[in-house]
Amino acid sequence: MTSFPRVLIERDTDGEDSSSSSDDDGDEEEEGEPEHQNVAEIKESVVEDWESESKKKSKASITIAFKKVCKVCKRSGHEAGFRGATYVDCPMKPCFLCKMPGHTTIDCPHRVVLDQGAVPAPRRNNRSPLDYIFERQIQNKIPMMKPAFVIPDQVDCAVIRYHSRRITCLEFHPTNNNILLSGDKVCVTQFFAFNVACSYDIAYDLEIGIIGQLGVWDFVKVHEKTVYGNIHSCILNNMRFNPANDGTLFGASSDGTVSCTDLETGMSFPLMDINPNGWQGPSTWRMLYGMDTNSDKNVVLVADNFGYLYLVDMRSNEKMREDTLIHKRGTKVVGLHCHPIQPELLLSCGNDHFARIWDMRKLDASLASLHHNRVVNSAYFSPQSGSKILTTAQDNRIRVWDSIFGNLLSPSREIVHSHDFNRHLTPFRAEWDPKDPSESLAVIGRYISENYNGAALHPIDFFDTSTGQLVAEVTEPNITTISPVNKIHPRDEVMATGSSRSIFIWRPKDKVERVEEREDAKIVLCGGSKKTNKKFGGESDESDDDTFNSKGKNSKSKRDGKSGRSALTKVKAKPMKNSKTKS
DNA sequence: ACATCATGTTGCC
DNA sequence: TGGCAACCCTGATG
């Protein structure tokens, strides 16, 4: 409260403020805001000490100042924001975590603080007879001792500022264990901006590709300071390796093509173009989002922003069937996933608040529709048996659906977890640990921060979805940014994280060399200036050839870099043009 | 320690 | 259905 100014005046007429106070829960006109009814008087430059104001304006001075208002609800008397490393919510809004009114995240029952950090509610639904049946059945099948989860919880190496924009997807190489692919995305509007302020149709006429970046990084050779440069590709919404040839990668692109990129050369060619007639206006321009490959059927599956699914033969590049509407017409299909065992089964999810299970032989009706309250960011079959489905929705809930022991009408588990939508962040997606034999470990980054000894950090959460328990929250003091993209290695005890423009490789603590050893050359700084997070990329060793070494010092100063644009040559991510031209 | 800005999407009307 | 605001913990930069 020391941050409140002593003298307050309502900032006047933000047109929408009145509307915002009306649209959000007009029920909460509590006595905490006596001055709200007196705005007119206050605007008459009645100035009050904020503390006495709460005691009903007794005196008026002449001083004029601006009243501090809450940046969330635009009202006075409180202020949302950080107090040190703890974020204080606006009390006028529903809980930012569970979305229920009446409390804030600090008091949220889904954010019980134990030791340090957040523990979710054990589960929302009461146990049903199905649960007990499930337990009895599964107990006969699994070993008595459930193997312990392996949590890669210590940063082993990192590439700082690898990409020029935020990272959108990560993919481990299917055969080379040490290769990580990363994609970023230049937004269409930015594309408009720097390409002479043109629009999509002009770009189309000019045959300008929309540029996203594809990074290929050998994270073991970071020691030897070898980082492959970035390969330009078209804007990637999703990528998958070609199951028949791990040297090529398929990409679903917003330009409506399925691209096939050769990782050696960086050359790519379109497998399919769903805008064969070119630009007919934004209402008809189709963009591809969800994608997966099916090696049994030799098809690439992609889905677009109008709800349609397309199948392309990988070898002949022929479309396999008529375009099929699989989600509400006009809504984006953001995710596709093929069942790991049964090649006919397909899972899709999209902006119509549904995830759907399909039999690919009979796509006119879905086998099941999993309803969510908000947009579904992702939906994945469990990696081994495919019997469970993990979905992430924008209502801040992770759901597990059981196709064997559950009825799929409602999730078998709901975990409240902070992963809100934010236009600046890549959408969060909960992902299975592909190595977990019990198919229960899932990872997802957390939006809201926790105060870790004075530092506001956004952990990466590991859930045991079979119990709903948070089993690990992984943090690193030097990663102060949110980590929406996380991928667990399919074979090694490794996890990759994309956080803002940087990539981090985690391993279990006992598998990481001691810090003294790794300080030498495990953090590579790419591109831009070196103002980065504290230790990572801190002081640079400019005498080095093409990378910066991390010194692990200056963990205090966040902006301690000096100049240092010079020393990055071949390693760096090519900076995007950042022209300010706008029409 | 601030201010600014980039600029996507959802959901409502 | 199309148009249009609101959007809460961003992150980089100056």
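These exercises walk through strands, loops, rings and one annotated stretch of a predicted model.

Residues are numbered from 1 along each chain as its sequence is written, and chains are lettered from A and ligands numbered from 1 in the order in which they are written. Local features need pLDDT of at least 70, side-chain atom pairs count only at pLDDT 80 or more, and totals for chains, interfaces and linings use all residues, while side-chain values use heavy atoms, with hydrogens and water left out.

**Exercise 1. Lay out the open sheet of five strands and find its edge strands.**

Solution.
- Start with the terms. Strands are DSSP runs of E, at least two residues, and helices are runs of H or I, at least four residues, numbered from the N terminus. Two strands pair if DSSP finds at least two bridges between them.
- Write the order: β34-β35-β36-β7-β37. The pairing is mixed.
- Look for strands that pair on one side only. These are β34 (485-488) and β37 (523-525).
- Add the twist. Neighbouring strands are turned by 20° against each other on average, direction ignored. Here axes are lines fitted to C-alpha atoms, for helices over the stretch in contact, and angles run from 0 to 180 degrees between N-to-C directions.
- Zoom in on β34. Four bridges join β34 to β35 (residues 495-499), and the two run antiparallel. Ile-488 has Met-495 of β35 as its bridge partner.

**Exercise 2. Place Asn-317 and Asn-453 in their loops, and decide whether each is buried or exposed.**

Solution.
- Recall the background. Most residues other than glycine have a negative phi.
- Check the angles. Asn-317 has a positive phi of about 60°. For Asn-453 the positive phi is about 50°.
- Find the loops. Asn-317 lies between β18 (308-313) and β19 (324-325). Asn-453 lies between β30 (450-452) and β31 (455-457).
- Apply the cut-offs: buried is under 20% relative accessible area, exposed over 50%, partly exposed in between (1.4 Å probe, protein chains only). Asn-317, at 29%, is partly exposed. Asn-453, at 79%, is exposed.

**Exercise 3. Classify the aromatic pairs Phe-96 with Tyr-447 and Tyr-162 with Trp-217.**

Solution.
- Set the rule. Rings of Phe, Tyr and Trp (its six-membered ring) pair if their centres lie within 6.5 Å; planes under 30 degrees apart count as stacked, over 60 as edge-to-face and the rest as tilted. The structure holds six aromatic pairs.
- Take Phe-96 and Tyr-447. Their centres are 5.6 Å apart and their planes at 80°, so the pair is edge-to-face.
- Ask what this pair links. Phe-96 is in the loop between β4 (86-88) and β5 (112-113), and Tyr-447 in the loop between β29 (441-445) and β30, so parts 351 residues apart in sequence are tied together.
- Compare burial. Phe-96 is partly exposed at 29%, whereas Tyr-447 is buried at 16%.
- Take Tyr-162 and Trp-217. The pair is tilted, with 6.5 Å between centres and 50° between planes.
- Check burial here too. Tyr-162 is buried at 0%, and Trp-217 is buried at 0%.
- Widen the view. Ring pairs link Tyr-162, Phe-172, Trp-217 and Phe-219 into a cluster.

**Exercise 4. Describe residues 369-402.**

Solution.
- Read the record. UniProt lists 369-402 as "repeat: WD" in an unreviewed entry. Positions follow the numbering used here, feature names are shortened, and annotations may be inferred rather than shown by experiment.
- Turn to the model. The stretch is 0% helix and 62% strand. Its end C-alpha atoms are 13 Å apart.
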